[in-house]
Amino acid sequence: MIHQLPGLIVIVPLLASLAAAASGWVNRKYPFIIAFLALSFTAYASISMLIYTAGGNVLTYHMSGWAPPVGISYKIDALNALVLTAIQIIALINLPVSNSYVKYGFEKKEAPFYGLYLLFITGLTGITATEDAFNLYVLLEVSSLTGYALIGMGNTRSPFAALNYLIIGTIGASLYLLGVGYIYIKTGTLNMTEMSLMLPLLKDSSTIIMAFCLCVAGILTKAALFPMHGWLPGAYSNGPNASMGIIAPLTTKVMIYVLIRLGISIFGVELFIESFSLSNFMVNFCAIAIIAATLKALYHTKLKKILSYIIIMEVGYMAGGFFLGNSDGTTGAIIHIINDAAMTFCLFIAAGAITSKFLEEDIRNIRGIFEKMPFTSLAFAGGALAVIGIPPTCGFFSKWYLIKGGFGAGQYLFAGALIFSSFINAVIFFRIFEKSFFSDKNHHKTPENLQAQNINTNKQISEAPLSVVVPLVSSLGLIIFLGLMTGKIVENYIIHLI
Amino acid sequence: MEIYEIILKNYNYWIFIILMFTGLYGVIAKNNIIKKLIGMNIFQTSIILFYVSLSAKLDGTIPIITETDKHKPDTLIDAANYMNPLPHVLMLTAIVVSVATIGVALALAIKVYRTYETLEEDEIRRKIASGYTGEN
């Protein structure tokens, strides 16, 4: 059974999405049940593969029995298994959250929503599991298209933001496709293992260097590294709460996984780092990206926009950590993929709950979150502490590895940018804690004054429904759990990759 | 002579580069959303043409093994005689992807039009900035 799992983990959600979309005609409740069953199966599959690949084992699955280079093969090694588990667990935990928003917001549209949800997870799972470069492009587009549709369902500004995302994202994916074409010209194969055997011999070919540039440019566009990030704030802040729980944490992280896969398995570290001192340039570039994103996050006052810029900053961490070239940096980048998925999930669900209950996007106008929604604010505080990088949350450990890698490689600008952004994050989040968590007891007591400041006092604001709170708190627990398990994760999985 | 060689020998690559930049120009410089989408489609089409041009061989024929070839005695199927079918197959997938992308893009453009009554991007941005919420 374990050997069939790499194929099943992609096929099951694919079929389930068709079943979920079709079953909406039979009964309104079936799509959710089908989604739940499919995602539980994939969560089980990814955890069992995770246990299997601990210590460096590798699972290979040839689609329909055709061995490469004729067929497509799916290979799960330690890196894959970690990212796959992160994807599946987040998708599963997010399901009740999405369900509550879908019940209130999109009443007639449950079946298409769950169909899109499962297709999105299929795409991301396939990107993570596959070993074939073109298959990666196809699944990249599957996940992107469903992402565009899921984002376009939101408020009045979301179709325009989704259209913007669509245009930029498609160009990024097409650049990746062009890069794969260049590799295919030179090596004649699309299988990543075979490419990795041939590419070190072709190191000086200008085609391969161009292929590398195109692939990285395309992938970093989809990952929203600083100058190519224009689509992210609009899309993530206007998307519907029902779908932001999976889109926000996972999309950019899986793209960073693809970057690491390109670097480790296909092109090999020599091409990445030693040729034309790419490492220096890219790391400084990422440092600038981190500083720019942090300052923009400081400037904005809409809660979701702040979180979007924090995502862009985290992408800068991961990309910079990878381009550092030493084992600490890559370890930090890989751990940060998982940690950041958990942190972003926690923060976005909390932000969605807060903005939907208070009906207000701007932080300056929200008061008293802690009294009205204690669990949500606790989870938000936990996620914020993780972003700032305070032990024992997981954010601390990944930042530790990244800073250690930065100092080890002599890239002081990058390490300085990391520390600087931690301070600015502290400012951002503590500003939110101070202003919005507690209501002012001292002054501005009269209702007229409060109305004048546009603060919502009339609504009976209660805690978010249980289906939102439970995943939220469990994600907070996950953050702490991941932090404590970091040592074990590094030992068992990441060491074998580097 | 060097320049003529570079242009004439690789004319297929030059065509695809010109198409690619035409598409990018459309996406960046044009104001209307539909024109941007057409530019994006031209960009994807140029990549498809690039792949297909990879598969062409001198004096190659269509990559289908017919009955007469199978029944000839002592015939080896020599791959060099047939055009490479793999890029064709890959590009079928890419064409489907680009069609689906255009479909989703047009659906989103319809929604944008219904909300903002216009498809010109600068007008839409002005309306967003002034807090236009639309009549839905």
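What does the pLDDT of chain B average, and what percentage of the residues score at least 70? In this predicted model, chain B averages a pLDDT of 83, and 86% of its residues score at least 70. Colour the chain by confidence and select helix H3 of chain B, residues 33-54, where the mean of 92 is the highest in that chain, and then helix H4 of chain B, residues 67-71, where the mean of 60 is the lowest. For the complex, the predictor gives an ipTM of 0.89 and a pTM of 0.88.

**Chain B as a whole**

Show chain B as a cartoon and follow it along the sequence: the pattern reads α-α-α-α-α-α, and the secondary structure comes to six helices and zero strands. Of the 136 residues in chain B, 24% are buried. Among the contacts in chain B with a separation of 6 or more, 47% are between residues 24 or more positions apart.

**Helix H5 of chain B and the residue after it**

Select next residues 85-116 of chain B, which form helix H5. The 32 residues of H5(B), at 1.5 Å a residue, should span 46 Å, and the end C-alpha atoms are 46 Å apart, so the expected and modelled spans agree. Move one step on to B:Glu117, which follows H5(B) and has a positive phi, near 65°. B:Glu117 lies in the loop between H5 and H6 of chain B, and it counts as partly exposed because it has 13 C-beta neighbours inside 10 Å. As background to that phi value, most residues other than glycine have a negative phi.

**Where chain B meets chain A**

Bring chain A into view and select the contacting residues, which are 27 in chain B and 22 in chain A. On the chain B side, H3, H5 and helix H6 (121-129) each supply at least two residues, and H5(B) gives the most, with 13 residues. By class, the residues on this side of chain B divide into 19 nonpolar, six polar and two charged.

**Chain A: overview and confidence**

Now hide chain B and look at chain A, which has 20 helices and two strands. Of its 498 residues, 62% count as buried, and residues 24 or more positions apart account for 79% of the chain A contacts with a separation of 6 or more.

The mean pLDDT of chain A is 80, with 85% of its residues reaching 70 or more. Select helix H5 of chain A, residues 133-151, for the highest mean among the elements of that chain, 92, and helix H18 of chain A, residues 447-452, for the lowest, 39. Extend the latter selection to residues 442-461 of chain A, a stretch over which the pLDDT is below 50 and which has 15 contacts in the model beyond near neighbours in sequence. Where pLDDT is low, the predicted coordinates should not be read in detail.

**The nonpolar core**

Which residues touch the most other members of the largest nonpolar core? They are A:Ala35 and A:Leu259, in a core of 208 residues. Centre the view on A:Ala35 and, leaving aside neighbours within four places in sequence, display its contacts: A:Ala16, A:Ala20, A:Leu95, A:Tyr114, A:Tyr117 and A:Leu118.

**The two strands of chain A**

Select strand S1 of chain A, residues 59-62, together with S2(A); the two run antiparallel and are joined by four bridges. One pairing to pick out is that of A:His62 with its bridge partner in S2(A), A:Ser73. Along S2, residues 73-76 of chain A, A:Ser73 and A:Lys75 point one way while A:Tyr74 and A:Ile76 point the other way, and all are buried. In a regular strand the side chains alternate between the two faces of the sheet.

**Two loop residues of chain A**

Go next to A:Ala224, in the loop between helix H8 (206-223) and helix H9 (231-238) of chain A. Although A:Ala224 is not a glycine, its phi is positive, at about 65°. A:Ala224 counts as buried because it has 31 C-beta neighbours inside 10 Å.

Finish at A:His300, in the loop between helix H11 (278-299) and helix H12 (303-324) of chain A. Is A:His300 buried or partly exposed? With 18 C-beta neighbours inside 10 Å, A:His300 counts as partly exposed. Not counting residues up to four places away in sequence, A:His300 touches A:Lys305, A:Ile306 and A:Tyr309. A distance drawn from the C-alpha atom of A:His300 to that of A:Ser98, 202 residues apart along the chain, comes to 27 Å.

Technical notes:
Residues numbered from 1 in each chain as written. Chains lettered and ligands numbered in written order. pLDDT = per-residue confidence, 0-100. Contact = placed C-beta atoms within 7 Å. Nonpolar A, V, L, I, M, F, W, Y, C, P; charged D, E, K, R; others polar. Core = buried A, V, L, I, M, F, W, Y, C linked by C-beta atoms within 7 Å. Buried ≥ 20, exposed ≤ 12 C-beta atoms within 10 Å, placed from the backbone. Expected span 1.5 Å × (residues − 1). Pairing = 2+ DSSP bridges.
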